[in-house]
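Me: I am new to this structure and would be grateful for a close look at a single part of the chain. Please set out its surroundings as well, in one connected account.

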Amino acid sequence: MEMFLKNPLYTSPEPCQHLAEYKLKHGFNGYKAIQKLLVTSPIGKTSVKKPNTKAPRCSFCNGCEGRLYLCLICSSFSCLDHTILHPQSETGHAVFVDIERAELYCGVCCDQLYDPDFDQVVMSKHSTGLTSGATGNESIGQRLIKRRRLVSGVGLNFQKSKCGVSTKDVRAKSCYPMGLRGLNNLGSTCFMNSVLQVLLHAPPVRDYFLSGGHRLENCHRRRTTDLMCLLCEVNAIFSAVYSGDQNPYTPAQFLYSWWQHSANLASYEQQDAHEFFISMLDAIHEKEGKARNGSKGNEDCQCIAHRVFYGLLRSDVTCMTCGFTSTTYDPCLDISLNLNTSVSSTEKGKKLTKRNDDGSMSTLSGCLDLFTRPEKLGSDQKLYCQNCQEKQDSLKQMSIRKLPLVLSLHVKRFEHSFVKKSSRKIDRYLHFPFSLDLSPYLSSSILRARYGNRIYSFGGDESDMFSEFEIFAVVTHSGTLESGHYVSFVRIRNQWYKCDDAWITEVDEATVRASQCYMIFYAQKTLYNKANEDQSHTPNSPGRELYFPIAGCC
């Protein structure tokens, strides 16, 4: 695999020996045969379909439910169970193709595979001008090119760029803004691609990397450790996405770098998008934060993860016997919300047409009301009261002490019962606004409502003045707990775009509102507005248009 040999610091995980044996014996004959069976839908989804076959079924049990796989040796269809059994009865029949996603699967390893050669075969089916130098497989050093960069830097003291060239909006229906580029699925990595698309369009994160916040030539970690630098890999993705290249990008080196930093999640199995988001921010903080801050705490951390996403939650626990209140502060990179089952007071009077099957409606403001509502702790959760000198029943109330530049809201859609030893997904619809005012949920507002005019200081700070947020991205999850798919929607200059792995499509607001949101991202309103204004400046060389066509969508 040439792409990995170019980087001497990169340590590749062990490749699948069954795929290597297949390619050694059969070469690319199977790949070429599969290429003739590839079918691309109008929205760009690629699948495998045999001619004159309406509904493929498992050749062994005649089943048609769930995933079906095609053997690269005998061309037989099989369900997942028989895909695993097939290599046991037929020697050498180990490599299959998932016909729904056109991805490789090993029936012996019971895992999805990524092969750049197969990836190129699939992409060349619907991409034009696909060359060896434009597939996103180059080393980091080769992908980093010197170019003019887009900088707005609202809220972050980035160096201002003076080379922006004002251009008119020349976008046709088949052309998308700069920075919109598909990301190839490397084997159940839609969870990763959906979050990466969010970070690529988060204004302060984008400005940090496009303004040279992390440079390859200045990275001491890359010179002093055998591990890949995660920030260098993220920087490479920004360089590729904003380079003007039209072909979907393959973030393989980033994936392996993340695996090195999160070994417990290293596999081709589907992961949780929220868990990936947190682990990625933690890895960035671990590598960049310690070098910048020394012994400083998270609140003063200057790593890009905390400068953008860091917030502070306040927790008040009040003794129900004497009224004594104990206050603690907890740092957070996002806020996890339970789904509410009724319309909040702020939503009453509004026309909400989409209801759940039971007739109830869940709203984001209702979830925030539930998050900040006083909660009586159970008898098994009695806390020690410093005033009473014993454990007492108490009330707990959460509020937001400090708001971040970019607010990440995580909707708890997956429930795990340790008693019943079962898990399930909550498929409730959630109504969320595009403009969000968080002032009712700030600590100052909560305390004012609790104490009225009896105190003079309510613990407010400068974040109270920036409590209005605008939505810019949504990560959605469709399907079941065991078999689902992540897709992200990003908002650029009030136009929404659907990012489904390698495919980018323009959608309307109704499509976004009807989606099953899992993570919702808001930017401070002043930051969002400034970022939209700066979209009129091109980060590329003079003469290059701000908008360009996306392969597979034009």
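Reply: The account below begins with the whole chain, turns to strand E24 and its partners, and then visits other parts.

This is a predicted model, in which local features need pLDDT of at least 70 and side-chain atom pairs count only at pLDDT 80 or more, while totals for chains, interfaces and linings use all residues. Residues are numbered from 1 along each chain as its sequence is written, and side-chain values use heavy atoms, with hydrogens and water left out.

The protein chain contains 17 helices and 29 strands; helices (H or I, at least four residues) and strands (E, at least two) are DSSP runs numbered from the N terminus. Of its 554 residues, 53% are buried, where buried means under 20% relative accessible area, exposed over 50% and partly exposed in between (1.4 Å probe, protein chains only). Among contacts between residues at least 6 apart in sequence, 68% join residues at least 24 apart; a contact means heavy atoms within 4.5 Å.

Strand E24 spans residues 484–492, and 9 of its 9 residues are buried. In a regular strand the side chains alternate between the two faces of the sheet. Gly484, Tyr486, Ser488, Val490 and Ile492 point one way from E24, whereas His485, Val487, Phe489 and Arg491 point the other way.

E24 has antiparallel partners in E23 and E25. Two strands pair if DSSP finds at least two bridges between them. Strand E23 (residues 468–479) is joined to E24 by 7 bridges, with Thr476 opposite Val487, and a hairpin of 4 residues connects the two strands. Strand E25 (residues 495–500) pairs with E24 over 5 bridges, and here Ser488 stands opposite Cys499. The hairpin of E24 and E25 has 2 residues between the strands, and in this hairpin Arg493 takes a positive phi near 50 degrees.

Elsewhere, 4 strands form an open antiparallel sheet in the order E11-E10-E17-E14. Its edge strands, E11 (325–332) and E14 (375–376), each pair on one side only. Strand E10 (residues 311–319) and strand E17 (residues 394–402) are antiparallel and share 8 bridges; Leu312 has Lys402 in E17 as its bridge partner. Helix H15 (residues 443–451) packs on this sheet, touching E10, E11 and E17, and its direction makes about 140 degrees with that of E17.

A pair of helices comes next. The axes of H7 (residues 190–200) and H10 (residues 230–241) come within 11 Å and cross at roughly 75 degrees; axes are lines fitted to C-alpha atoms, for helices over the stretch in contact, and angles run from 0 to 180 degrees between N-to-C directions. H7 and H10 are therefore roughly perpendicular to each other, a term for angles of 65 to 115 degrees. Leu196, Leu199 and Leu200 in H7 meet Ile237, Phe238 and Val241 in H10. The residues of this contact are 6 nonpolar, no polar and no charged; Ala, Val, Leu, Ile, Met, Phe, Trp, Tyr, Cys and Pro count as nonpolar, Asp, Glu, Lys and Arg as charged, and the others, Gly among them, as polar.

Finally, the cysteines: the count comes to 0 disulfides, a disulfide being a pair of cysteine sulfur atoms within 2.5 Å. For Cys58 the nearest cysteine sulfur, that of Cys61, is 3.6 Å away. Cys58 is buried, with a relative accessible area of 3%. The sulfur of Cys79 is 3.9 Å from the closest cysteine sulfur, in Cys61, too far for a bond, and Cys79 is buried at 13%.

Technical notes: Parallel < 35°, antiparallel > 145°, perpendicular 65-115°, else oblique.
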